[in-house]
Amino acid sequence: MKIKNICCIGAGYVGGPTMAVIAQKNPHINVTVVDINEKRIAAWNDEDVENIPIYEPGLSAVVKEARGTNLFFSTDVDAAIDKADMIFISVNTPTKTYGVGKGMAADLKYIELCARQIAEVAKDNKIIVEKSTLPVRTAEALKSILDNTGNGVNFQILSNPEFLAEGTAVEDLLDPDRVLIGGNVNTEAGREAMQALVDVYAQWVPQEQILTTNVWSSELSKLTANAFLAQRVSSINAMSELCEHTGADINEISKAIGMDSRIGPKFLQASIGFGGSCFQKDILNLIYIAKSYGLNEVADYWEQVIIMNNHQKRRFAEKIVKTLFNTVSGKKIALFGWAFKKDTNDTRESAAIYVADYLLNEQAEIVVYDPKVSEEQIYSDLNYLGTRSEQENRKLVTVVRDPYQVCEEAHAVAILTEWVEFKELNWQSIYDNMLKPAFFFDGRKLLNKRKMEDLGFNFYMIGE
Ligand code: NAI
């Protein structure tokens, strides 16, 4: 079976970049990305390709190449479903904020809405691809909705979790460690559907890196991968605190253990804690699934990763207050970075939000500089927490577009995102314009402690 038309529901951080690369590498396939968010679709279609709604290095070039040729962005979901032989579901699956499983389970309402819409519109056989990260056994629920409300057409359900990391999405998509495709391996139709998706990726990914598995393994692999990655961050962060009490240096430890080939060097960087839309949500979901099977020890094991992460964010904020003579009330603190990591404008679950919130509770005056995050987004993140009124957030927080202005008359600077450009700032001039003693808290281990101390800063670095 050869795919001619692909539809992707959800034009977000996953749907947008993934489909742009699939379209670029499959000029014979028409790819339409649809979303109910009109503003987002309009931005994807913006004449100036630099205005697309997601910032990722290299993304605008890929979009420029394929858009209007075989890559389209639209709000007409029905038309795209109708035309497609393969439909990717790439909608958000946030943590539930209500009812059973509140604060833990993945909210699958957007997924279910997609399934019902597909069932209603589809007039011929379709392959449905789960691209969103989903609890294990979601394919069963999808199949049941599709088969019971559909027009008698045949649906094959595949799981194809996305392993891209924000900030390196295009690179990861062009050269993935592996592509994972789960499906019904026991039927001819299931195997055919899997092969159709293998063919799409085989346009640029070597066959041996395209793994096919049963659908449950594929679904659970994504949660497992994120749990393992987040666990490494929490493990190294736990050791960073011990370093601060013992004179050991977390960088030296990371290097020493990372050279052990059984451990490997990646994801061993101590920091203020992980953020992003996925790690916390997916581990909470994993905990919820384990509990639902009565596997309490499994649930408790993974919960510790989240507990450690919350502790790390909090202890960084506490350190600032303690160091500034136990009070930050009325003191200006300059925050460098708001995105949850460098090279993205995504701020979901960013550690910066929690650090800022803690400091605001201590009545600090916060000034923020981030090269890619908008002022509107920063206020919206703080307002979403509901800790204080929107007016108060506006009064206490200022967003500036100039990294030098952010520090004028500041008592302290805190690095919250590892943007490379922060390394190149003229820190001497920043130091000169700050109040003294000038405190510096490097939550990303970005700068050289000795050099910064030579400039005059009172410098705190995580894990030293
Ligand atoms: P996102 O929130 O950026 O995008 C989701 C989009 O789906 C939104 O624009 C929303 O308007 C749209 N949408 C929701 N319901 C819809 C409907 N019924 N019809 C049409 N459009 C609808 O989310 P993101 O970050 O792209 O994540 C999507 C999924 O991919 C999630 O399950 C996430 O866990 C997973 N994932 C995310 C990664 C990331 O780095 N952000 C990496 C790997 C997986």
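In the predicted model, Lys 266 is exposed, because 9 other C-beta atoms lie within 10 Å of its own, a count that falls under the limit of 12 or fewer set for exposed residues. Lys 266 is placed in the loop between helix 10 (250–258) and helix 11 (279–292). From Gln 156, Lys 266 is separated by 110 residues in sequence and by 37 Å in space, C-alpha to C-alpha.

His 311 belongs to helix 12, which spans residues 296–323. With 16 C-beta neighbours inside 10 Å, His 311 is classed as partly exposed, since this class covers the counts between the exposed limit of 12 or fewer and the buried limit of 20 or more. A distance of 36 Å, C-alpha to C-alpha, lies between His 311 and Ile 52, and the two residues are 259 positions apart in sequence.

Val 413, a residue of strand 12 (residues 412–415), is buried because 27 other C-beta atoms are found within 10 Å, where 20 or more suffice. The C-alpha atom of Val 413 is 6.0 Å from that of Leu 335, although 78 residues separate the pair along the chain. An unreviewed UniProt entry lists residues 334–449 as "domain: UDP-glucose/GDP-mannose dehydrogenase C-terminal". In the model, this span is 31% helix and 16% strand, and the C-alpha atoms at its two ends lie 18 Å apart.

Helix 14 comprises residues 375–385, and its buried residues are Ile 378, Asp 381 and Leu 382. These three residues lie on the same side of helix 14, because the arc they cover around the axis is only 90 degrees. An α-helix has 3.6 residues a turn, so residues three or four places apart point the same way. On the face of helix 14 turned away from the buried side, Glu 376 and Tyr 384 are exposed.

Strand 7, formed by residues 179–183, is mostly covered, with five of its five residues buried. In a regular strand, side chains alternate between the two faces of the sheet. In strand 7, Val 179, Ile 181 and Gly 183 point one way, whereas Leu 180 and Gly 182 point the other way, and all are buried. Strand 7 pairs with strand 8 (residues 210–214) in the parallel sense, over five bridges. Within this pairing, Val 179 has Ile 210 of strand 8 as its bridge partner. The connection from strand 7 to strand 8 runs through helix 8 (residues 188–202), and the resulting β-α-β crossover is right-handed.

The surroundings of the ligand comprise 27 residues, of which Gly 10, Gly 12, Tyr 13, Ser 132 and Thr 133 come nearest. By residue type, the shell around the ligand contains 13 nonpolar, ten polar and four charged residues. Helix 5 (residues 109–121) gives the most to this shell, contributing three residues.

Conventions
Residues are numbered from 1 along each chain as its sequence is written. This is a predicted model: local features need pLDDT of at least 70, side-chain atom pairs count only at pLDDT 80 or more; totals for chains, interfaces and linings use all residues. UniProt positions are given in the numbering used here, feature names are shortened, and annotations may be inferred rather than shown by experiment. Helices (H or I, at least four residues) and strands (E, at least two) are DSSP runs, numbered from the N terminus. Two strands pair if DSSP finds at least two bridges between them. A crossover is right-handed if, with the strands pointing away from the viewer, the path from the first strand over the helix to the second runs clockwise. A residue is near a molecule or strand if its C-beta atom, placed from the backbone, lies within 6 Å of it. Ala, Val, Leu, Ile, Met, Phe, Trp, Tyr, Cys and Pro count as nonpolar, Asp, Glu, Lys and Arg as charged, and the others, Gly among them, as polar. The arc is that of the directions from the helix axis to the C-beta atoms.
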